[in-house]
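Visitor: I am new to reading protein structures, and I would like to learn how to go from the overall picture down to single residues. Could you take me through one with care?

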Amino acid sequence: NPIKPPEIDKCGTATNLNNNTQLDINCCPPLSQNIVDYRLPPVFQMKIRPSAHRVSPEYIFKYNMAIDRMKRLPKEDPRSFMQQANIHCAYCNGAYDQPGQGTLDLQVHNSWLFFPFHRWYLYFYERILGKLIGDPTFALPFWNWDNPKGMTIPPIFVDPKSALYDEKRNQANMPPAVVDLGMTRNPDPLQVVANNLTIMYNEMIRGNSDVYDFMGQPYREGTPVNPGPGASERGSHTAVHVWVGDPSQPSGEDLGNFYSAGRDPLFYCHHANVDRMWSLWQYFLPSKTVPDKRITDPDFLNAAFLFYDENAQLVRVTVKDCLDNLRMGYDFERIDLPIFPLTL
Ligand code: C2O
């Protein structure tokens, strides 16, 4: 059977998975008796998520204003900045158990739920931001770390006066430091860029022998957590988390730890690119080894999560409704794909 959505009235204490100690924060969402099955609204105008390295001053202003307003919402509002960050903690640090499965944890990483969960998470985050600035076309930026032009932390996140700033980051990796997708610690930035491209090529095109190698391994009701991550989750995705997190913090906060990752606005920009990788893999990139990129297993399609939407309504969403980003109303700015020519 598919993984069921969590029972949020049974949400409990969370564990710091970096050192296996109990966290002394409450990352459970506000309760609500009223859960609605979410229906994707009709798409009148496609939102275009821009590359964070290329955004206009007008966009930066809007994005800042939206995050600033999110930070000013009352703490108990499920749309507030901290509540949004805590979604990641609740779903990833053992605060939820699988309904009806005793104390078996619910975990959305290291399995085929990774891409769908984070896609829905960003979907509502983006709609909340849009609502806060009265702009339904607002789209999150993506950190284009698969392209040499985007291989530094996007400059819009490093101004200490900006709402997009977070001080818990590795200060040694501020721009112009080049992101190290292979965790090579190679001091030569040109070699790191070349290695990054090789990594992306392997994750996206060459390395996968079936659909689960990319998407992550099957994860069903009653089975233990962490059946296995897909290539992109395990590789570039995790490397970016570790690379940005602050090694002088006790547990790699913010981006380097599940419970705190969502406290850095850069998290959502990073994951917008992870989401873009899924879309590119699904629709654009060739693969000799994985001719059919769909998972038709009903335990995948019917897995479900709960989120608060932009109106603070608690909604139930399913994996099958998030398989096509165009149906969800957003697309990505078209940027050249340096990894693609390598296949020709
Ligand atoms: Cu839920 Cu990038 O992790």
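Guide: We shall begin with the whole chain, then turn to a helix, a sheet, the core and some unusual backbone angles. This is a predicted model, in which local features need pLDDT of at least 70 and side-chain atom pairs count only at pLDDT 80 or more, while totals for chains, interfaces and linings use all residues. Residues are numbered from 1 along each chain as its sequence is written.

Visitor: What helices and strands does the protein have?

Guide: Helices (H or I, at least four residues) and strands (E, at least two) are DSSP runs, numbered from the N terminus. By that rule the protein has nine helices and seven strands.

Visitor: Which radius of gyration would a compact globule with 344 residues have, and what does the protein have?

Guide: The radius of gyration is taken over C-alpha atoms, and the globule rule is 2.2 Å times the number of residues to the power 0.38. For 344 residues the rule gives a value near 20 Å, and the protein has 19 Å, which agrees. Taken along the principal axes, its C-alpha atoms fill a box of roughly 55 × 45 × 45 Å.

Visitor: How many of the residues count as buried?

Guide: A residue is buried if 20 or more other C-beta atoms, placed from the backbone, lie within 10 Å of its own, exposed if 12 or fewer, and partly exposed in between. Of the 344 residues, 45% count as buried.

Visitor: How should I read a single helix, such as helix 3?

Guide: An α-helix has 3.6 residues a turn, so residues three or four places apart point the same way. The expected span of a helix is 1.5 Å times one less than its number of residues. For helix 3, with 19 residues (114-132), that gives 27 Å, and its end C-alpha atoms are 27 Å apart, which agrees. Because 16 of its 19 residues are buried, helix 3 is largely enclosed by the rest of the structure. After the helix comes G134, whose phi is positive, near 65 degrees.

Visitor: What is the order of the strands in the open sheet, and how do they pair?

Guide: Strands of a sheet pair through backbone hydrogen bonds, either parallel or antiparallel. Here two strands count as a pair if DSSP finds at least two bridges between them. The open sheet has three strands in the order 3-6-5, with mixed pairing. Its edge strands are strand 3 (35-37) and strand 5 (304-308), each pairing on one side only. Strand 3 and strand 6 (residues 314-318) run parallel and are joined by three bridges, with I35 having L314 as its bridge partner. Strand 5 and strand 6 run antiparallel and are joined by five bridges; here A304 is the bridge partner of T318, and F305 stands opposite V317. These two strands form a hairpin with five residues between them, and A312 in the turn has a positive phi of about 65 degrees.

Visitor: Is strand 5 enclosed or open to the outside, and why?

Guide: Four of the five residues of strand 5 are buried, so strand 5 is largely enclosed by the rest of the structure.

Visitor: Which residues have the most contacts inside the largest nonpolar core?

Guide: A nonpolar core is a set of buried Ala, Val, Leu, Ile, Met, Phe, Trp, Tyr and Cys residues joined through C-beta atoms within 7 Å. The largest one has 90 residues, and those with the most contacts inside it are A90, W120 and F307. The largest share of this core, eleven residues, comes from helix 3. Two residues are in contact if their C-beta atoms lie within 7 Å. Leaving aside neighbours within four places in sequence, W120 is in contact with F305, F307, V317 and C322.

Visitor: Where are the cis peptide bonds and the positive phi values in the loops?

Guide: Most residues other than glycine have a negative phi, and most peptide bonds are trans. The bond from P175 to P176 is cis, with omega near 10 degrees, and P176 is found in the loop between helix 3 and helix 4 (189-206). That loop also holds M183, whose phi is near 45 degrees. M183 is partly exposed, with 13 other C-beta atoms within 10 Å. The bond from E253 to D254 is cis as well, with omega near -10 degrees. N226, in the loop between helix 5 (211-215) and helix 6, has a phi near 60 degrees.
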